[in-house]
Amino acid sequence: MKLNHLQATTTLSNGVSMPWFGLGVFKVEEGAELVNAVKFAIGNGYRSIDTAAIYQNEQGVGQGIREALLATGLARQDLFVTSKVWNADLGYESTLAAYETSLNKLGLEYLDLYLVHWPVKGKYKEAWRALETLYKDGRVKAVGVSNFQIHHLEDIMRDAEIKPMVNQVEFHPYLTQQELIRYCKDQGIQMEAWSPLMQGQLLDNPTLRDIANAHGKSIAQIILRWDLQHGVVTIPKSTKEQRIIENASVFDFELTDEEMTRIDALNRNHRVGPDPDNFNF
């Protein structure tokens, strides 16, 4: 696992390359700020952009991608674009339709990764069947899930023809999900972190500050490096160019085993997002 530059990739179970590092756009509204964030990221070497239908910003993401491709001379296939089907659209036909809607909004011909956003009881299996169809038809390069616990993954794989390639979950030093990481590794499912910086709530933690000082790095950079060294893809959100560049400056140092263990020990099983076993949306 070579984690020495921003375009380093992990290989998914189907052979598709996925960048270890990308830009998340959760809670970034449509408009110039969003378009510019996507352009800043791609212009500064990012190759992965993560959005979702429920973020209601796929149009701006698509515009940012098109403008960035024009400005950089990159091709569409140089990028890795992810979106997710929302809970209201879970179902076989409705998920297929939701995929077309996302593509139209993004202005793209395919997605690199499409995810079932939440494990809505009684609905996610039909949605998964739709993702399998999209994948078998060559409409999407890889398929996966988001916010799935071990029992959800076991349930989906009982009937699935295709195993999820990615599981995107809340993951940060206060929610280390070690059991889930081990399970996903054993199953060949790539884990990906959302809210890796815990929405800024970790930026005054003394343990993280000590480790950051030792490396001459920011606390955010320490956390993002910790993700990567755990073999977890990470997609921090920012709209400011300086922060987008800073977040990605994590490929020129390495945390020691002892530092990794100290960060792991911060775990409190504390979520900032909904509990995948107890949500009502």
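1. Thr 51 is found in the loop that runs between β4 (48-50) and α2. The model is a predicted one. In it, Thr 51 has a relative accessible area of 0%, which falls under the 20% limit, so the residue is classed as buried.

2. The surroundings of Thr 51 may be described next. A polar contact joins the side chain of Thr 51 to the side chain of Asn 57, at 2.7 Å. When neighbours within four places in sequence are left aside, Thr 51 is in contact with Val 25, Asn 57, Glu 58, Val 61, Thr 82, Ser 83, Lys 84 and Leu 106. Asn 57 therefore appears both as the polar partner of Thr 51 and in this list of contacts.

3. Turning to charged pairs, the structure holds 11 salt bridges. Side chains of opposite charge can pair when their charged atoms come close. One of the salt bridges joins the side chains of Arg 76 and Asp 112, with an N to O distance of 2.8 Å. Arg 76 belongs to the loop between α2 (58-72) and β5 (80-85), whereas Asp 112 belongs to strand β6 (residues 111-116); the pair therefore ties together parts that are 36 residues apart in sequence. Both Arg 76 and Asp 112 are buried.

4. A salt bridge is also formed by Lys 125 and Asp 159, whose closest N and O atoms are 2.4 Å apart. This pair links distant parts of the chain, since Lys 125 sits in helix α4 (residues 124-136) and Asp 159 in helix α5 (residues 150-159), 34 residues apart. Lys 125 is partly exposed, its relative accessible area being 30%. Asp 159 has a relative accessibility of 54% and so counts as exposed.

5. The contact between Lys 125 and Asp 159 should be read together with a wider arrangement: a network of salt bridges links Lys 125, Asp 155, Arg 158 and Asp 159.

6. Which residue forms a salt bridge with Arg 129? The partner is Glu 126, and the closest N and O atoms are 3.0 Å apart. Both residues lie in helix α4, 3 residues apart, which is about one turn of the helix. Arg 129 has a relative accessibility of 39% and counts as partly exposed. Glu 126, with a relative accessible area of 35%, is likewise partly exposed.

7. In summary, the pair Arg 76 and Asp 112 is buried, while Arg 129 is partly exposed, as is Glu 126. Lys 125 is partly exposed, and its partner Asp 159 is exposed.

Notes:
Residues numbered from 1 in each chain as written. Predicted model: local features only at pLDDT ≥ 70, side-chain atom pairs only at ≥ 80, totals over all residues. Heavy atoms only, no water. Salt bridge = Lys/Arg side-chain N within 4 Å of Asp/Glu carboxyl O. Helix = DSSP H or I, 4+ residues; strand = E, 2+ residues; numbered from the N terminus. Buried < 20%, exposed > 50% of the residue type's maximum accessible area, 1.4 Å probe, protein only. Polar contact = N/O pair within 3.5 Å; in protein donor to acceptor, adjacent residues only side chain to side chain. Contact = heavy atoms within 4.5 Å.
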